[in-house]
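Visitor: I am new to this structure and would like to know the reasons behind the terms used for it. Could you show it to me?

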Amino acid sequence: MQSLEPFYEKKLVCAFCDKPFNTLRVKSRFAIPYQVDSDFCPHYRTGNYNPHFYFVNVCPECGFAFSEEFSDKFPLGSKEVIRVKITMHWKKRSFGQVRDVQQALESYQLAILAGSLKKEKNAVLAGLCLRLAWIYRAENNLEKEKRFLGLALNAYEESFIHSDFAGTSMSELKTMFMIGELSRRLGQYQKALGYFSKLVQHKNADAEPKMVNRAREQWRVVAEENRQGGIQE
Ligand SMILES: [Zn+2]
């Protein structure tokens, strides 16, 4: 018989202080979205468990927070900076139980700080900012959602310029799609049109037909929004 328990416990070792700790993950069959937005934001019914609440691991000992996408390398000097900026202020507490929205939000703030201090790839930081924006969207906090969509957009643009998506779950085309789509959502229509057009004509377009179709669809959406005279940048 399958367990009705929606969570499973994962054993981890802190990438910063090497101490072991446990964290929860939502089993995939308890996290089936009923709707996915054009920027890939999944929506879950009330009473379901949002896996994004458990995307970030927080070490209870030192406060270092990371996702599975973080590299295990610390650039020279970054450990000392993390010690001063995070660990020295950390009041020991566990994020290893069922999280409420406040704990989920805090876990992302911690991971964005830790990831910035250890100079994680922009593609990884963008993914954290995007998921944080999605939590605010579910909470109907439009102002905070836009703030973090903006930070995700900046990070995806940096990632695109420096091609630092290599070795992550992002491809060049998906990065371009996200720049287009987040620009559209933030009212930057010309930029959105530019990236969707570039994506459709990209030399790798044949390899990712789904992404190309999405870009075509969203190009039409943004062209219509632009015609209706939205805010221009
Ligand atoms: Zn630690």
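Guide: What follows is a conversation about the metal site, the strands and the overall build of this model, which is a predicted one.

Visitor: Which residues hold the zinc ion, and what makes them donors?

Guide: The zinc ion is coordinated by the SG atoms of Cys-14, Cys-17, Cys-59 and Cys-62, at 2.2 to 2.3 Å. A donor is an N, O or S atom within 2.8 Å of the metal, so these sulfur atoms qualify. Along the sequence, the spacing of the donor residues is C-x2-C-x41-C-x2-C.

Visitor: Why is the site of the zinc ion called tetrahedral?

Guide: The angles among the four donor atoms run from 107 to 116°, and four donors count as tetrahedral if all angles lie between 85 and 135 degrees, so the site of the zinc ion earns that name. As a point of reference, the ideal angle for four tetrahedral donors is 109.5 degrees.

Visitor: How do you know whether Cys-14 is buried or exposed?

Guide: The relative accessible area of Cys-14 is 1%, and because buried means under 20%, Cys-14 is buried. Cys-17, with a relative accessible area of 25%, lies between the 20% and 50% limits and is therefore partly exposed.

Visitor: What does the same rule make of Ser-116?

Guide: Ser-116, which lies in helix H2 (residues 101-117), has a relative accessible area of 39%, so it also falls between those limits and is partly exposed. The C-alpha atoms of Ser-116 and His-43 are separated by 28 Å, the two residues being 73 apart along the chain.

Visitor: Why are strands S1 and S2 said to pair?

Guide: Strand S1 (residues 7-13) and strand S2 (residues 20-26) are joined in the antiparallel sense by seven bridges, and since two strands pair if there are at least two bridges between them, the condition is met. In one of these bridges, Glu-9 has Leu-24 in S2 as its partner. The two strands form a hairpin with six residues between them, and Asp-18 in the turn has a positive phi of about 70°.

Visitor: How do you know that the radius of gyration of the protein agrees with a compact globule?

Guide: For 233 residues, the globule rule gives a radius of gyration near 17 Å, and the protein has 19 Å, which agrees. Of those 233 residues, 48% count as buried.

Visitor: What pattern does the secondary structure follow along the sequence?

Guide: The protein has seven helices and six strands, and reading along the sequence gives β-β-β-β-β-β-α-α-α-α-α-α-α.

Note on methods
Residues numbered from 1 in each chain as written. Predicted model: local features only at pLDDT ≥ 70, side-chain atom pairs only at ≥ 80, totals over all residues. Heavy atoms only, no water. Donors = N, O, S within 2.8 Å, 3.2 Å for Na, K, Ca; no water. Tetrahedral: all angles 85-135°; square planar, octahedral: opposite > 155°, others 65-115°. Buried < 20%, exposed > 50% of the residue type's maximum accessible area, 1.4 Å probe, protein only. Helix = DSSP H or I, 4+ residues; strand = E, 2+ residues; numbered from the N terminus. Rg over C-alpha atoms; globule rule 2.2 N^0.38 Å.
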